[in-house]
Amino acid sequence: MKLNTVRKTLYKLYSEKLAQFRRIRDKSTGWFIYYWWHEFDLLEEILLEKKNLLQQKLRDRLEYEEKNYFFECEDCEENQIKYTFEEAFELNFRCPECGGELKALDNEETKNFLKERIISNKKISFSIDEQE
Ligand SMILES: [Zn+2]
């Protein structure tokens, strides 16, 4: 393994609280020696926390998609902006870029995508005991 790969991996594990280290100065060379050990006992807990966070984000986004109507300008093909009903209403349903009509957007696909992600996220299991 390359030294740089080892270093990067250790820092990554450390930043995710999965590794710890102790630093000691070598008296003869004056260099630091690092002793590393893993903290994988926390792995399940950390992964579960990440899973729950993602679940919450997906649910919030789905709720936002379900609670709002979205509008966009069909004439502005490049960098299409999604407007909420309130924004479109304020704009009199006119595109501020080209003056074209803002039309209701079907976000069914987005909602379905989010629902699928929520279900697949729910199914993820990190516990070794739960697996067959
Ligand atoms: Zn436009």
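Me: Which residue is the bridge partner of Phe70 in β5?

Reply: In this predicted model, β3 and β5 pair in the antiparallel sense over four bridges. Phe70 lies in strand β3, which spans residues 70-73. The contacts of Phe70 beyond four places in sequence include Tyr83 and Asn107. In β5, its bridge partner is Leu105.

Me: In which order do the three strands of the open sheet lie?

Reply: The edge strands are β4 (83-84) and β5 (102-105), each pairing on one side only. The pairing in this open sheet is antiparallel. The order of the strands is β4-β3-β5.

Me: Which strand gives the most residues to the largest nonpolar core?

Reply: The largest nonpolar core has seven residues, among them Tyr83, Ala88, Cys95 and Leu102. Phe70, Phe71 and Cys73 also belong to this core. Three residues come from the strand that contributes most, which covers residues 70-73. That strand is β3.

Me: Which residues are in contact with Trp36, leaving aside its neighbours within four places in sequence?

Reply: Trp36 is found in strand β2, residues 32-38. The C-alpha atoms of Trp36 and Lys12 are separated by 13 Å, with the two residues 24 apart along the chain. Outside the four-place window, the contacts of Trp36 are Leu10, Ala19 and Phe21.

Me: Does Trp36 count as buried or exposed?

Reply: A residue is exposed if 12 or fewer other C-beta atoms lie within 10 Å of its own. Trp36 has 12 C-beta neighbours inside 10 Å, and therefore counts as exposed.

Me: How many bridges join β1 to β2?

Reply: The two strands form a hairpin with six residues between them, and Gly30 in the turn has a positive phi of about 80 degrees. One of the bridges links Gln20 to its partner Trp37 in β2. β1 and β2 run antiparallel, and the number of bridges joining them is seven.

Me: What is the number of buried residues in strand β1?

Reply: Strand β1 comprises seven residues, 19-25. This strand lies largely in the open, because the number of its residues that are buried is zero.

Me: How far apart are the end C-alpha atoms of helix α4?

Reply: Helix α4 covers residues 108-123 and is hardly covered, with one buried residue among its 16. At 1.5 Å a residue, the helix should span 22 Å. The separation of its end C-alpha atoms agrees with that expectation, because it is 23 Å.

Me: What radius of gyration does the protein chain have?

Reply: The C-alpha atoms fill a box of roughly 75 × 45 × 25 Å along the principal axes. Of the 132 residues, 7% count as buried. A compact globule of 132 residues would have a radius of gyration near 14 Å, but the protein chain has 25 Å.

Me: What distance separates the centres of domain 1 and domain 2?

Reply: The protein chain is divided into domain 1, residues 1-38, and domain 2, residues 43-127. Taken over C-alpha atoms, the separation of the two centres is 42 Å.

Me: Which pattern of helices and strands does the protein chain follow along the sequence?

Reply: There are four helices and five strands in the protein chain. Among contacts with a separation of 6 or more, 47% are between residues 24 or more positions apart. Read along the sequence, the pattern is α-β-β-α-β-β-α-β-α.

Methods. Residues are numbered from 1 along each chain as its sequence is written. This is a predicted model: local features need pLDDT of at least 70, side-chain atom pairs count only at pLDDT 80 or more; totals for chains, interfaces and linings use all residues. A nonpolar core is a set of buried Ala, Val, Leu, Ile, Met, Phe, Trp, Tyr and Cys residues joined through C-beta atoms within 7 Å. A residue is buried if 20 or more other C-beta atoms lie within 10 Å of its own, exposed if 12 or fewer, and partly exposed in between; C-beta atoms are placed from the backbone. Two residues are in contact if their C-beta atoms, placed from the backbone, lie within 7 Å. Two strands pair if DSSP finds at least two bridges between them. The expected span of a helix is 1.5 Å times one less than its number of residues. The radius of gyration is taken over C-alpha atoms; the globule rule is 2.2 Å times the number of residues to the power 0.38. Domain bounds come from an automatic or database domain assignment.
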